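Okay, thanks for making room for me today. I'd like to walk you through a few spots in this one, so let me put it up on the screen.

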Amino acid sequence: QTLVVREAAQEGADELLTLSAADEVSGKIICLVSQQIGSWVEVHLPSGDVDRTGWVARDDVTLSRHRFRIEVSVSDHTLTLFTGDRESFTAPVGVGPDAPEPGGDRQLFIKDLVKTPDPDSPYGAYAYGLSGSENDLDAFTTGNGVVAVHGTGDPSGLGGDVRYGSIAVGSDIVTRLVDTIGLPLGTPVDVVE
């Protein structure tokens, strides 16, 4: 499965790139919709520059809608899940060296969900890979260089900075996000100061 991304909302527009599901850990091409104009959809792309958008033909994609959004405060070391405008819960996080920098206009989103082979690994039981990175499945097992909201095998770092990983949440929280809430791929993630 591939998806042609164009520079403008028209058939003859220059091709920016072709996305391939085979290049994604999830095996799916996940993008975040910015806007729809006629038969074209502007999307935030799953990898590369987090501000980069392109246009795809509406007939080439399946659109889905949900009300979830995550906000991560790096200074408060918290993750807050919103359902619409309502705050569902807030949990402490460990902020690692691979965490995205806070940024006003940066639009990150969840593009992968990986169940790790060892729940006591640096990523705990699950990892939600974030856009703007070139995640690969092997990196999820080593605990290096993957930008993700993930569980942790060492909860002592929650509420502060940690030596590895990106955004670590308690194993109970990541399991709740996956198994109880069913947080979907494509969920926006805002990283704030």
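So, the largest pocket: its volume comes out at about 830 Å³. Keep in mind that this is a predicted model. What lines the pocket? We get 25 residues in the lining, and the ones that lie nearest the centre are Cys 31, Val 33, Thr 62, Leu 63 and Ser 64. If you sort the lining by character, you find 14 nonpolar residues, seven polar and four charged.

Now, which strands feed into that lining? Strand 1, residues 2-6, strand 3 at 32-37, strand 4 at 40-44 and strand 6 at 68-73 each put in at least two residues. Strand 3 gives the largest share, with three residues.

Let's stay with strand 3 for a second. Strand 3 runs antiparallel to strand 4, and five bridges join the pair. One of the residues to look at is Ile 37, whose bridge partner in strand 4 is Trp 40. The two strands make a hairpin with two residues between them, and in that turn Gly 38 has a positive phi, about 60°.

That brings me to another positive phi. His 77 sits at about 55°, and His 77 is not a glycine. As a general point, most residues other than glycine have a negative phi. Where is His 77? Look in the loop between strand 6 and strand 7, the latter being 78-83. And is His 77 buried or exposed? Its relative accessibility is 12%, and the cut-off for buried is under 20%, so His 77 counts as buried.

That's my tour; happy to rotate the view.

Note on methods:
Residues numbered from 1 in each chain as written. Predicted model: local features only at pLDDT ≥ 70, side-chain atom pairs only at ≥ 80, totals over all residues. Heavy atoms only, no water. 1 Å grid on protein atoms, 1.4 Å probe; cavity = no way out; pocket = protein on both sides within 12 Å on 5 of 7 lines; lining within 4 Å. Points joined across faces, edges and corners; volume = space filled by probe spheres on them. Helix = DSSP H or I, 4+ residues; strand = E, 2+ residues; numbered from the N terminus. Nonpolar A, V, L, I, M, F, W, Y, C, P; charged D, E, K, R; others polar. Pairing = 2+ DSSP bridges. Buried < 20%, exposed > 50% of the residue type's maximum accessible area, 1.4 Å probe, protein only.
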